[in-house]
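Colleague: Could you walk me through one part of this model in detail? I'd like the contact between the two chains, please.

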Amino acid sequence: MMGYAAIQVLNALSFSALLLLTGLGLSVVLSLMNFVNLAHGSFYLLGSYIAVHWLASGAPWWMAFPVAFLATALAGALLERFPLRAFYARPHLMQVLLTYGLSVIFADLMRWGFGAQILSPELPEMLQGVVFLFDMPFPLYRLFIIGAGFAMALALWLLFDRTMWGAVVRAAVSDRGIVETLGIDTRRLFAAVFMLSAGLGGLSGALGAGMLAAYPGLDEEVLILALITVVVGGLGSFGGTVLSALVVGFALTFSKVWFPEFANLAAFSAMIALLLARPNGLVAPPLRQL
Amino acid sequence: MMLELDKLSAHYGAVEVFSDVSLRIGAGEKVALLGRNGAGKTTLVQALFNLGPRLSGTIRLQGEAVQDWPTHRIARRGMALVPQGRGLFPTLSVSENLRLATLRQPRGAWTLEKIFETFPRLAERRHASSSALSGGERQLLAIGRALLTQAPLLVLDEASEGLAPMMAEEIIVQHVGKLAEAGLTVLLAEQNAALALRLCPRALVLAGRRLVFDGPSEALLADRSLLQEHLGV
């Protein structure tokens, strides 16, 4: 029993790590640029496909992750230039329509390019197999996801909280115009943040492929969970996103254990209740409300 | 010429905020921009930085027409803003607020250390969050940040607002006065006309969407009816 619980906790943690990385990418674009990107799940799935193909290619396995990050960041950079940039000042509904439309196009393109079957990556030898906890087997790769996911989140926190670049981003969240009066080109800043966001989506997809596989439709599944993570956490709050990634990860994992037939119903009802109780999310942002 | 406005007009939709404002400010001048609450002072200041409504007319900054430029290029051309409400970044420390101004600007006479020497109260609180400062300290931080952009023209918008009279006096007449003596050009948009005129030998009055006065502060102070009608003094 002890072992079973420990395994489920680790399952929840690995799922939370993926939600955290995906959610942070979405959150930073939403809070800084006030932009709703419903194509974020496409970056995730693209990252998954890149990892599957990279790991099958025989090239050094660990490079799958930086390659997925860079490739999706590049895709993000192109997309930001056209057409997203023109929609920053538009109402959210228009942004939603545009990016949802884009996500449908990307879904079709990916189905055409990568096929419709479920693809699982060939994991490198050193990450295959299981470890035993209280005599229960647990996939080694999921421990890798937990370690890599939370390490990456820590690196992001350091970037935003401890570097001057992060200070510029935090300043632009509170007042973009004043940042401009200090001679800083916030349009370039926004483009860089969007690239980072897209890259994070791709990186979480690359990490997650070994757990969730890659298949058409996964982009939408991941998007909705990332949106929930961001909203439950409180927009623009780093700590809140960490906390809510854990809440959502544990809620979904344990509702699958306890109420397998009603897993989604249980998990999403808990989230609706949470949002009714705390409309600004778990950790309300100190600054502007979006 | 430091700053030249030629037939500058601003509109929010169909609503005219001000129109046909023409003026020239030379290097090293201290100019007060006066007017009642809602006369359009802040809109005019925002217009200078292309942060406000759509404009027509020309703005020349050190000889260059900048009215269509993005704000960061205008700032780099040599104009710094101490905005209404200070515009500090509450999630940043005092020294981060200052360092932000040094990132994209050329190096110049002002350094972080020189700001801390000039405003020792900021040095003591350099690691504090800017939201933990007192009203006077916040204003000094906003001024220090503007100075660090090395711009020769400093625009202050409602700098005395929210400050105790003694503190407003200290900051505007003493600190800004000293900066102006050192050669900085100052445009002071100010509700408190009496205070602004103590610093600035030249005044502009914005009323009824027009510039109704541009001349020596003494002449304005002597014109009782103008003071009464447009400034309520």
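Modeller: Sure, starting with a term: buried area is the accessible area (1.4 Å probe) that two parts lose on being put together, summed over both. By that reckoning, chain B and chain A bury about 1800 Å² between them, with 71% of it on carbon and sulfur atoms. Keep in mind that this is a predicted model, where local features need pLDDT of at least 70 and side-chain atom pairs count only at pLDDT 80 or more, while totals for chains, interfaces and linings use all residues. Residues are numbered from 1 along each chain as its sequence is written, chains are lettered from A in the order in which they are written, and side-chain values use heavy atoms, leaving out hydrogens and water.

Counting contact as heavy atoms within 4.5 Å, chain B puts in 23 residues and chain A 19 residues. One salt bridge turns up across the interface (a side-chain nitrogen of Lys or Arg within 4 Å of a carboxyl oxygen of Asp or Glu). That salt bridge pairs Glu96(B) with Arg170(A), and their closest N and O atoms are 3.2 Å apart.

On chain B's side, the elements giving two or more residues are helix H2 (71-78) and helix H3 (94-100), helices being DSSP runs of H or I with at least four residues. H2(B) gives the most, with four residues. By type, the chain B side that touches chain A splits into twelve nonpolar, six polar and five charged residues, where Asp, Glu, Lys and Arg count as charged, Ala, Val, Leu, Ile, Met, Phe, Trp, Tyr, Cys and Pro as nonpolar, and the others, Gly among them, as polar.
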